[in-house]
Amino acid sequence: MDYSKVLRNNNKIVSRTGGQRQGPQYTSDLSLRFVLSGNERYDIGRRHLSIYPDSFLILNRGTQYSTDTDLDQQVQSFAINFDQQFLQDFKDCWTFDDDNLLNKGYGNSKAQPEFNETIYPFAGDIKYNVFHLKQHLDNGMQDEMLINEYLHHTLINYFHIYNDEICKKVEKLDFLNQGTRVEILRRLNLAKEYLYSNYNQNISLEDLAEHACLSVNHLLRTFKQAFGLTPHQFLIQLRLKRSLMLLKDTRYPVNEVVGMVGFECPSSFIRLFRTHYKITPLKYRQSA
């Protein structure tokens, strides 16, 4: 269902169905971009990102981007744009203790929060919350107080994800200087984005390292520190997760799914799938 809903506090929710291309535009507020079916491509400077139903993207205020989808593909996208005052009030409540918050006063802060514009996993509480919000809106819900409660919980969910995906991973890196750790994680996230967006292609370590502006050895060492997996292990798990979506939501034969997610050998795919999920692809499809 397509709609664009602007609340009285200037939070905005946009639901769109169908493939289309949108030229260069700027975000006026912090924006969470979800794809509930299909995939949507984002161009942000020199970065080319693909968002699927298992991931979402953060765009800060003022970011220039363009989007594109395949014309023959049914894409469901869902975006939440947070008004700056709503976001700042939330951030103050999240980061200050009660005494500091009372001393600070309501609505006096002018600083605007900035977040790492990268791909984050779309699962767990945030997925549950966003799906329920969309379901209510699709059914015509008009209660803005309830809608804003959903938006508040979405921000809580995102802050937890941000803590796991950014803050904790920065601390895992084996460098003394905090600035160095932050910069290395930024480059590692470029590698992660490349894997998310090109998982079905033949990716070499050299390509991945070049995209992240790191040497191969530096990439291998720091990627394992941050993500707990080597780039190859991360890629295999990502391909297996994407195969779950195809097996559940499409009728492609298993042998076609193998090639669509980047595997070359059906028997190898079936063995990895069964090892990881304790079920064969065919039985998973039947149960799903």
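**Salt bridges, domain contact and local features**

Arg8 counts as exposed, its relative accessibility being 71%. In the predicted model described here, the side chain of Arg8 meets that of Glu144 in a salt bridge, with a separation of 3.8 Å from N to O. This pair links distant parts of the chain, since Arg8 belongs to the loop between E1 and E2 whereas Glu144 belongs to helix H4 (residues 144-172), and the two positions lie 136 residues apart in the sense that they are 136 residues apart. In contrast to exposed Arg8, Glu144 counts as buried, with a relative accessibility of 15%; the two assignments follow because the term exposed applies over 50% relative accessible area and the term buried under 20%.

A search of the whole structure finds 11 salt bridges, and several of them can be described individually. The side chains of Asp68 and Arg41 meet in a salt bridge of 3.4 Å, N to O. Asp68 lies in strand E8 (residues 64-68) and Arg41 in strand E5 (residues 40-44), so this salt bridge ties together parts of the chain that are 27 residues apart in sequence. As to exposure, Asp68 counts as partly exposed at 21% relative accessibility, and Arg41 likewise counts as partly exposed, at 26%.

Another salt bridge is found within helix H4, where Glu165 and Lys169 are 4 residues apart, about one turn of the helix. The closest N and O atoms of Glu165 and Lys169 are 3.7 Å apart. Glu165 counts as buried, with a relative accessibility of 15%, and Lys169 counts as buried at 9%; these classes hold because each value falls under 20%. In addition, Glu183, Arg186 and Arg187 are linked with one another in a network of salt bridges.

The domain assignment of the protein divides it into domain 1 (3-122), domain 2 (176-228) and domain 3 (234-287). Where domain 1 and domain 3 meet, the contact takes 4 residues from domain 1 and 4 residues from domain 3. The area buried between these two domains is about 290 Å², and carbon and sulfur atoms give 56% of it. On the side of domain 1, Tyr52, Pro53 and Asp54 supply 96% of the area buried against domain 3, which is more than any other three residues supply.

Across the interface of domain 1 and domain 3, 1 salt bridge is found. The side chains of Asp54 and Arg242 meet in a salt bridge with an N to O distance of 2.8 Å. The count of residue pairs in polar contact between domain 1 and domain 3 is 1. The residues on the side of domain 1 that touches domain 3 divide into 2 nonpolar, 1 polar and 1 charged.

Among the local features of the backbone, two residues other than glycine with a positive phi value may be noted. For Asn10, phi is near 75 degrees, and the residue is placed in the loop between strand E1 (3-6) and strand E2 (12-17). Asn10 is partly exposed, with a relative accessible area of 46%. For Lys278, phi is near 60 degrees, and this residue is found in the loop between helix H10 (266-277) and helix H11 (281-287). Lys278 is exposed, because its relative accessible area of 70% is over the cut-off of 50%.

Two further residues illustrate helical positions. Asp89 lies in helix H1 (residues 84-95) and is buried, its relative accessible area being 15%. The side chain of Asp89 is joined to that of Gln85 by a polar contact of 2.7 Å. His136 lies in helix H3 (residues 124-138) and is partly exposed, with a relative accessible area of 28%. When its neighbours within four places in sequence are left aside, His136 is in contact with Met141 and Tyr150. From His136 to Phe227 the separation is 91 residues in sequence and 35 Å in space, taken from C-alpha to C-alpha.

Terms used
Residues are numbered from 1 along each chain as its sequence is written. This is a predicted model: local features need pLDDT of at least 70, side-chain atom pairs count only at pLDDT 80 or more; totals for chains, interfaces and linings use all residues. Side-chain values use heavy atoms; hydrogens and water are left out. Domain bounds come from an automatic or database domain assignment. Contact means heavy atoms within 4.5 Å. Buried area is the accessible area (1.4 Å probe) that two parts lose on being put together, summed over both. A salt bridge is a side-chain nitrogen of Lys or Arg within 4 Å of a carboxyl oxygen of Asp or Glu. A polar contact is a pair of N or O atoms within 3.5 Å; within protein, one must be able to donate a hydrogen and the other to accept it, and residues adjacent in sequence count only if both atoms are side-chain atoms. Ala, Val, Leu, Ile, Met, Phe, Trp, Tyr, Cys and Pro count as nonpolar, Asp, Glu, Lys and Arg as charged, and the others, Gly among them, as polar. Buried means under 20% relative accessible area, exposed over 50%, partly exposed in between (1.4 Å probe, protein chains only).
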